[in-house]
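Student: I should like to go through this structure by asking how each description is justified. May we set every value against its definition?

Tutor: Certainly; let us begin.

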Amino acid sequence: MDSLESHLEMLNIDDNKEEKWIKHYSSTQKMLLVGDGDFSFAVCLAEAFGSATNIVATSLYSEEMMRLKYSGAASNLRELEELGCTVMHGVNAHTMNSHPLLTHKLFGRIVYNFPQAALKRSEANIRQIESHRRLVKGFFKSASDMMEENGEVHVTHKTPDPYSKWEIEKLAEEAGLFLVEKVKFRKSDYPGYENKRGSGSRADESFPPGNCCTFKFGKSTSL
C-alpha cells in the first residue's frame with residue numbers, strides 16, 4: 001500500500017477531539033476539496049481545525065506543474081503534509097468518482113470554489129460559458145456518487161451576469177442534487193485563502209470575488 005492509499009485508509013474523524021468550525025466547515029466532516037488552486041483553501045481550513053487528517057485536497061495538475069504555476073504552492077504543500085492532509089494531484093473533476101484511490105470513498109462535504117474551464121475567450125462569450133457549464137455539470141455528476149448520507153456539495157461562484165448564465169442550480173438539478181442553501185461568500189471569512197485565476201500567464205494572480213455565493217446542494221433521496 002503506497003503512502004497516498006495509506007492516508008486515504010486512515011481518513012477519519014477523532015471523536016475525542018474538540019470539534020472546531022470555520023464558517024460552514026467542521027473538523028468532524030470528511031472533506032474533499034476539488035481544484036484547490038495553490039491549496040491555500042486547504043491550508044486555511046487545516047489551520048482553523050489544527051489538523052488536516054479529515055481533508056483530501058486535490059488538483060488537476062501534477063505536483064511539478066503546481067509548483068511552477070503558483071508561488072505559494074511549495075510552502076502550502078509542506079504545511080499540509082505536516083498537518084496530515086491527503087494531497088492528490090492529477091485528479092479530474094469529471095472522473096474523480098472513478099479514480100483508483102477515491103472509488104468507494106464517501107465525503108460529508110465536497111467543495112469546489114470558483115470552478116472554471118481554461119479561459120480561451122471572454123467570459124461573456126457563449127462558447128466560453130458552455131465550456132464552463134460542461135466542467136461544472138461533469139463535476140456535479142461525479143460528486144453525486146461520492147456523498148455521504150446527508151452530505152453536501154458546495155460550489156462558490158460569482159452571481160452577476162455573465163456568470164449567472166452558467167445556471168449553477170439547474171446543472172446541479174440535472175445531476176440529481178437540490179439546493180439546500182445559498183449564502184453570500186466573503187473571502188475575509190477564510191484567512192490566508194487566495195483564489196487564483198488558474199490559467200494563462202496570470203494563473204498565479206488572485207481575482208476580486210465580487211458578488212458571489214456559496215451554493216450548497218444535497219442529494220435527492222429519490223435517486
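Student: What makes the 32 residues a nonpolar core?

Tutor: A nonpolar core is a set of buried Ala, Val, Leu, Ile, Met, Phe, Trp, Tyr and Cys residues joined through side-chain atoms within 4.5 Å. The largest such set in this predicted model has 32 residues, and M96, I110, F139, F140 and V153 have the most contacts inside it. Strand 6, helix 5 (126-143), strand 7, helix 6 and strand 9 (212-219) each supply at least two of its residues, with the largest share, six residues, coming from helix 5. Helices (H or I, at least four residues) and strands (E, at least two) are DSSP runs, numbered from the N terminus. A second, separate core of 29 residues includes Y70, V87, F185 and Y193.

Tutor: Two remarks on conventions apply throughout. Residues are numbered from 1 along each chain as its sequence is written. The model is predicted, local features need pLDDT of at least 70, side-chain atom pairs count only at pLDDT 80 or more, totals for chains, interfaces and linings use all residues, and side-chain values use heavy atoms, with hydrogens and water left out.

Student: Which residues does V153 touch?

Tutor: Contact means heavy atoms within 4.5 Å. Leaving aside residues up to four places away in sequence, V153 touches I110, F139, F140, A143, M147, L177, F215, K216 and F217.

Student: Why is F39 called buried, and H104 exposed?

Tutor: Buried means under 20% relative accessible area, exposed over 50%, and partly exposed in between (1.4 Å probe, protein chains only). F39 has 0% and is therefore buried, whereas H104 has 78% and is therefore exposed.

Student: What is noted about the phi of F39 and of H104?

Tutor: Most residues other than glycine have a negative phi. F39, in the loop between strand 3 (31-33) and helix 2, has a positive phi of about 70 degrees. H104, in the loop between strand 5 (86-88) and strand 6 (107-113), has a positive phi of about 75 degrees.

Student: Is the peptide bond from D161 to P162 cis or trans?

Tutor: That bond is cis, with omega near 5 degrees. P162 is in the loop between strand 7 (147-158) and helix 6 (168-174).
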